[in-house]
Amino acid sequence: MLKPRIAKREVTLHVLRAFGLHASKRLGQNFLVDETVVDRIVAAAGVAPGDAVLEIGPGIGTLTQGLLEAGVKVVAVELDRRLVEVLADTLAGYDALRVVHGDILKTDISREMATAPFKVVANLPYYITTPILMGILEQRLPVSVLVTMVQKEVAERMVAAPGGKDYGALSVAVQYYTVPEIAFLVPPQAFIPAPAVESAVIRCAVRSEPPVAVDSEATFFRVVKAAFAQRRKTLANALKAAGLAAEAAAVLAAAGIDGNRRGETLSLAEFAAVANAWEKNKNGRSL
Ligand code: SAM
């Protein structure tokens, strides 16, 4: 079905006016009004007819329409009740769409997504980008790829390599679960209202296996968190501060890592070596 495209400035303004709506800053509402960007997001997701997609925050249906026109089955979770009413109008007649009214952070996603595996495609509300992405990855949902619009600065942190200022706990976590790449940048003018920051579409291909062998994920992420909690401290001091106390030196020595290094210089493999040595030490095995 070919309906007029919503991804246009005049159409979006018309819809907002017709429903007496103003974009809510609190809910991170910046509506896409550039159809080329919509097409590029759909292309980056590599969707085929019949694919199942979870869309987070469909808004007035701009990106949703692009997905539906590509033959995709969409489950779209939207928090704003007024927008759920708008979607019933703007996307009337698209049978492959199911709109769920709710908060994505409280939604039982595996229950909503009947088809596995599925893809996640979204122009995310920026105020909760990290909890949304980490929640999906940590739950180990059967997701093959996530293609999402995020702040450019967040995208740069997600793909950052060790050593730079952008490298942090988010980089390690995203790279542990996925292979992320920045697909393309998006200027503020592509949205109504224009956000104060530049945006980027990031494509994260979910790994079937983590890239490093980790004995305990909880310990691995505890070490990572501790290392970045006080970036200016040496690794030995950062780990001590996190409760490793006197054993920090022995654990680092067993892992073959110089305790004078800063945490931000460690690769995923080196974090895994520290975490695995920590686990052994905790379990009373000799280092
Ligand atoms: N997809 C639309 C587009 O591209 O024009 C809208 C994107 S807008 C950046 C973010 C959307 O997420 C808004 O529709 C907002 O109401 C919705 N939203 C905000 N917080 C949410 C939450 N916790 N759960 C689900 N949707 C949320």
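**Exercise 1. Work out how helices H2 and H3 pack in this predicted model.**

*Solution.* Let's start with the handedness: H2 and H3 make a right-handed crossing.

Next, look at the geometry. Two packed helices are described by the angle between their axes and the distance between them. Here, the axis of H2 (residues 35-45) and the axis of H3 (residues 62-69) come within 9 Å, crossing at roughly 50°. Angles from 0 to 180 degrees are sorted into classes, and 65 to 115 would be roughly perpendicular, while under 35 would be roughly parallel. H2 and H3 are therefore oblique to each other.

Now find the residues that touch. From H2 come Val-38, Ile-41 and Val-42, and they meet Thr-62, Leu-63, Gly-66 and Leu-67 of H3. Sorting the residues of this contact gives 5 nonpolar, 2 polar and no charged.

**Exercise 2. Describe how the two domains of the protein meet.**

*Solution.* First, locate the parts: domain 1 covers 9-206, and domain 2 covers 217-282. Their C-alpha centres are 35 Å apart. On the domain 1 side 13 residues take part in the contact, and on the domain 2 side 12 residues do.

Then turn to the area. The size of an interface is often given as the accessible area lost when the parts come together. Between domain 1 and domain 2, about 990 Å² is buried, and carbon and sulfur atoms give 64% of this.

Finally, ask which residues of domain 1 lose the most area to domain 2. They are Tyr-167, Val-172 and Tyr-176, which together make up 50% of what the domain 1 side buries.

Technical notes: Residues numbered from 1 in each chain as written. Predicted model: local features only at pLDDT ≥ 70, side-chain atom pairs only at ≥ 80, totals over all residues. Heavy atoms only, no water. Helix = DSSP H or I, 4+ residues; strand = E, 2+ residues; numbered from the N terminus. Parallel < 35°, antiparallel > 145°, perpendicular 65-115°, else oblique. Left-handed = near helix turned anticlockwise from the far one by under 90°. Contact = heavy atoms within 4.5 Å. Nonpolar A, V, L, I, M, F, W, Y, C, P; charged D, E, K, R; others polar. Domains from an automatic or database assignment. Buried area = accessible area lost by both parts, 1.4 Å probe.
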